[in-house]
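Please look through the structure shown here with the following explanation beside it, taking the parts in turn.

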Amino acid sequence: MTTSPLKLASRLDPIKPSITLAVTAKAAKLKAEGVDVVSFGAGEPDFDTPAHIKEAARAALAGGGTGKYTDVGGTLALRKAIAGELSAVHRTTIEPDQVLVSSGAKHSLYNTFMALIDPGDEVIIPAPYWVSYPDMVMLAGGRPVVLETREDDDFAVTAEQVAAAVSGRTRAIVLNNPSNPTGAVYTRAQIEALAKVVVEKDLLVISDDIYRQLVYGDAEYVSIAAVSPELARRTVLVDGVSKTYAMTGWRIGYTAGPLPLIKAMAKIQGQSTSNPSHLAQIATLAALTGPQDCVAQMRAAFDERRQAMVRLLRAIPGVTCREPKGAFYAFPNVSSFVGKRSPEGAILDDDVQLCDWLVDVGKVAVVPGSGFGAPGFVRLSYACSMANIEDGVGRMARALATLR
Ligand SMILES: Cc1ncc(COP(=O)(O)O)c(C=O)c1O
């Protein structure tokens with residue numbers, strides 16, 4: 001038997017394209033064709049990067065030297081700033097050598113799984129989950145062990161569930177707090193209960209904290225690494241500037257963790273991408289060390305939009321919506337519309353078909369919950385203008401009302 005020279009690697013067989021990127025791309029394509037579509041697909045702030053951050057990059061460019069490689073894991077100045085901030089947030093001591101700066105938090109997570117996971121190793125992932133975790137674990141040869149959570153529990157995984165899912169091959173649990181897509185924020189009691197299981201079962205925590213500064217109302221971000229020195233030693237912190245400082249396109253994320261892991265990740269990065277963009281590292285240093293009122297202003301705007309979106313969604317007959325307490329997504333339950341017939345005569349058999357129909361006919365783009373391991377739900381980003389929210393949720397309401 002001959003194989004085609006273009007035969008693709010079998011490690012790609014279980015890997016799906018990112019559904020959020022697919023929905024965003026479809027909405028963007030329709031818009032480019034002149035179709036008036038409101039998109040709630042993108043997981044990025046609509047704000048421009050704050051002026052003082054852009055100014056730092058501009059000044060550095062003018063000064064010269066920014067076109068050069070840096071240390072693979074990021075400049076010492078940036079790693080010092082990150083180590084200082086994360087030490088304070090997580091009430092532990094993180095040295096600059098324990099920090100690796102990468103090209104976005106997605107890259108940080110990829111390096112983490114690549115450095116940790118052997119074929120057959122298991123990683124516990126509570127669902128609804130951010131789309132990329134299971135695929136990254138599979139790319140590393142590992143097995144995602146998905147634990148379903150309940151809407152009535154505000155989508156929090158319980159310590160009992162985790163304990164019951166641990167096998168001889170379990171290496172780690174992914175904790176995304178606040179959560180994309182649900183906006184759920186773990187309470188102190190929940191974090192402490194999970195921390196206990198992590199120690200009892202000898203696990204690592206991969207803590208994806210990319211939304212930790214975006215919490216609203218009386219919710220607070222509680223760090224699992226801060227529970228005890230034992231937890232700090234067992235936690236890999238993944239963080240970045242994309243969401244907090246409206247810097248998605250700059251592509252900077254970072255990992256802080258045990259030195260041997262960070263060194264292993266630096267080896268992978270050194271043999272694949274090398275340092276993240278030097279100019280973006282300079283902008284990130286300005287973001288972390290400069291004035292922080294921009295964060296408070298964006299958080300306040302997101303909060304206002306969050307409340308409006310939840311109110312409008314809850315007013316749609318047949319839709320229920322938990323209150324998201326963090327990040328910038330609403331995750332309503334639309335299962336009562338699955339299986340219904342559209343005026344065009346199509347039966348919308350699942351949330352993917354429902355979302356396809358909503359964009360084609362309703363001219364509003366939302367992401368199907370199936371992509372997050374939660375069929376029957378959809379995700380809407382409220383990191384967009386209030387006018388978009390009113391217009392888009394209105395379109396959704398009118399379209400859904402035509403289903404029989
Ligand atoms: C939960 C979560 N983790 C990580 C990332 C990746 O962020 P970055 O843009 O820094 O790669 C995202 C972005 O959508 C996210 O939602």
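In this predicted model, the shell of residues around the ligand divides into 3 nonpolar, 8 polar and 2 charged residues. Of the 13 residues around the ligand, those that come nearest are Gly104, Ala105, Lys106, Asn180 and Ser242.

From the ligand we can turn to strand S5, which spans residues 170-176 and has 5 of its 7 residues buried, so that this strand is largely enclosed by the rest of the structure. Strand S5 pairs with strand S3 (residues 122-127), to which it is joined by 3 bridges, and the two run parallel; within this pairing, Glu122 has Thr170 of S5 as its bridge partner. Strand S5 is also joined by 5 bridges to strand S6 (residues 204-208), again in the parallel sense, and here Val174 has Ile206 in S6 as its bridge partner. Between S5 and S6 the chain passes through helix H7, residues 188-200, and the β-α-β crossover made in this way is right-handed.

Another sheet can be followed later in the numbering of the strands. Here 3 strands form an open sheet with antiparallel pairing, and their order is S9-S12-S11. The edge strands are S9 (329-330) and S11 (367-368), each of which pairs on one side only. Strand S12, made of residues 378-381, pairs with S9 in the antiparallel sense over 2 bridges, and in this pairing Tyr329 has Ser381 of S12 as its bridge partner.

Key
Residues numbered from 1 in each chain as written. Predicted model: local features only at pLDDT ≥ 70, side-chain atom pairs only at ≥ 80, totals over all residues. Near = placed C-beta within 6 Å. Nonpolar A, V, L, I, M, F, W, Y, C, P; charged D, E, K, R; others polar. Pairing = 2+ DSSP bridges. Helix = DSSP H or I, 4+ residues; strand = E, 2+ residues; numbered from the N terminus. Buried ≥ 20, exposed ≤ 12 C-beta atoms within 10 Å, placed from the backbone. Right-handed = clockwise from strand over helix to strand, strands pointing away.
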